[in-house]
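Dear colleague,

I am handing over the structure we spoke about, and you will find it just below. My notes on what was found in it follow, arranged by region.

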Amino acid sequence: MHLLILGRGKTGSLVAEVAQERHHKIQVLGAADNPGGSGLRADLLNSVDLVIDFTIPAAVIPNITAVVSAGKNMVVGATGWYNEVPRVRQLVEKHNTGFVYAANFSIGVNLFFDIARAAGAAPLYGYLPQIFERHHVHKKDAPSGTAIALQRIVKDAGRVEPEITSFREGEVVGMHEIVMESANDRIYLCHDASSRRGFAEGAVLAAEWLAGKKGFFDFKDIWRDVA
Ligand SMILES: NC(=O)c1ccc[n+]([C@@H]2O[C@H](COP(=O)([O-])OP(=O)(O)OC[C@H]3O[C@@H](n4cnc5c(N)ncnc54)[C@H](OP(=O)(O)O)[C@@H]3O)[C@@H](O)[C@H]2O)c1
């Protein structure tokens with residue numbers, strides 16, 4: 001495929017690396033090439049098969065609007081825009097395109113979501129759930145999109161919304177902990193990412209899976225098909 005990657009940052013540059021290793025042709029736009037989505041011109045979009053976004057919360061909605069309105073399929077890894085999900089879904093349906101998004105494209109975290117779903121019933125048996133997330137000091141949004149996804153999973157399973165505590169420390173790639181405490185014991189569940197490559201591999205696999213498809217997909221519902 002001919003992929004247009006938005007963002008030359010920590011994750012976007014790894015997406016470019018993984019895509020090249022998997023023999024895709026790539027083009028990359030950074031912030032200076034694309035202020036307010038202005039680099040996403042029709043001639044550029046017409047020449048690519050799919051766009052992958054790993055930019056920043058302030059940039060992602062103009063990017064989505066330009067790409068989807070041009071009828072192109074898109075994979076979005078950037079976080080911090082989820083209050084706009086209903087509007088983006090409508091846009092995708094209106095333009096009959098394909099769209100995959102995730103707060104976390106790592107296969108390990110998606111397995112962790114399943115574990116959280118099973119353990120999330122603990123509040124029904126007297127456990128108080130809490131979520132702790134740690135990321136590098138450069139991360140622009142808090143709490144992380146992954147922590148918010150875990151909060152929703154535990155709330156759906158255990159009918160108690162866990163509080164999220166965010167820490168920003170050094171160069172931590174991404175650690176998420178669920179702690180469930182009762183009067184008698186404590187249960188700890190933890191996922192600790194050691195490399196950003198897992199995010200990049202998941203995003204490229206999602207792009208390959210999305211080729212030729214239409215519809216609005218959350219990676220947590222399709223990761224088993226792409227992995
Ligand atoms: N879904 C997942 O699996 C996953 C995993 C990791 C991170 N993320 C999310 O992905 C996003 C990026 O994370 P990161 O750690 O890679 O951040 P980062 O290193 O800060 O990279 C962000 C990049 O976006 C670029 N950018 C800003 N506005 C742009 C625009 N209009 N067009 C093109 N590029 C633009 C910036 O360019 P300049 O350097 O030129 O300013 C920067 O290189 C964040 O929202 C993060 O939460 C998601």
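How many nonpolar, polar and charged residues does the lining of the largest cavity have, by class? The lining has four nonpolar residues, one polar and one charged. Please keep in mind throughout that this is a predicted model.

The cavity itself is a convenient place to begin. The count comes to one cavity of 30 Å³ or more, and the volume of the largest cavity is about 30 Å³. Its lining is made up of Ile61, Ile64, Thr65, Arg87, Val88 and Leu91, with α3 and α4 (85–95) each contributing at least two residues. Arg87, which is found in helix α4, is partly exposed, with a relative accessible area of 42%, and its side chain makes a polar contact with the side chain of Glu84 at 2.8 Å. Along the chain Arg87 and Ile222 are 135 residues apart, and 21 Å separates their C-alpha atoms.

Turning to the pockets, the largest has about 860 Å³ of space and is lined by 44 residues, of which Thr11, Phe54, Thr55, Ile56 and Ala78 lie nearest its centre. Two or more lining residues come from each of α1, α3 (57–69), α6 (145–158), β8 (174–181) and β9 (186–193). By class, this lining has 22 polar, 16 nonpolar and six charged residues.

The second largest pocket has a volume of about 350 Å³, and of the 18 residues that line it, Tyr101, Ala149, Arg152, Asp218 and Lys220 are the closest to its centre. The elements giving two or more residues to this lining are α5 (107–119) and α6, and the largest share, seven residues, comes from α6. By class, the lining of the second largest pocket has ten nonpolar, three polar and five charged residues.

As for the packing of the interior, the largest nonpolar core has 25 residues, and those with the most contacts inside it are Val15, Leu50, Ile52, Val75, Val100, Phe105 and Phe219. At least two residues of this core are supplied by each of β1, α1 (10–21), β3 (50–53), α7 (197–210) and α8 (219–226), and α7 gives the most, with seven residues. If neighbours within four places in sequence are left aside, Val15 is in contact with Ile5, Ile52, Phe54, Ala200 and Val204. There is also a second, separate core of 24 residues, which includes Val68, Ala78, Leu91 and Phe99. Two of these names have come up above: Leu91 is one of the residues lining the largest cavity, and Ala78 is among those nearest the centre of the largest pocket.

Finally, a word on the start of the chain, where His2 is found in strand β1 (residues 2–6). His2 counts as buried because its relative accessible area is 10%, which falls under the 20% cut-off. The side chain of His2 makes a polar contact with the side chain of Gln27 at 2.9 Å. Not counting residues up to four places away in sequence, His2 touches Lys25, Gln27, Ser47, Val48, Asp49 and Leu50; of these, Leu50 is also one of the residues with the most contacts inside the largest nonpolar core.

With best wishes

Technical notes
Residues are numbered from 1 along each chain as its sequence is written. This is a predicted model: local features need pLDDT of at least 70, side-chain atom pairs count only at pLDDT 80 or more; totals for chains, interfaces and linings use all residues. Side-chain values use heavy atoms; hydrogens and water are left out. Helices (H or I, at least four residues) and strands (E, at least two) are DSSP runs, numbered from the N terminus. Buried means under 20% relative accessible area, exposed over 50%, partly exposed in between (1.4 Å probe, protein chains only). A polar contact is a pair of N or O atoms within 3.5 Å; within protein, one must be able to donate a hydrogen and the other to accept it, and residues adjacent in sequence count only if both atoms are side-chain atoms. Contact means heavy atoms within 4.5 Å. A nonpolar core is a set of buried Ala, Val, Leu, Ile, Met, Phe, Trp, Tyr and Cys residues joined through side-chain atoms within 4.5 Å. On a 1 Å grid over the protein atoms alone, a cavity is a set of points where a 1.4 Å probe fits but cannot get out, and a pocket is an open set with protein on both sides within 12 Å along at least five of seven lines; lining residues have an atom within 4 Å of a point. Grid points are joined across faces, edges and corners, and a volume is the space filled by probe spheres set on the points. Ala, Val, Leu, Ile, Met, Phe, Trp, Tyr, Cys and Pro count as nonpolar, Asp, Glu, Lys and Arg as charged, and the others, Gly among them, as polar.
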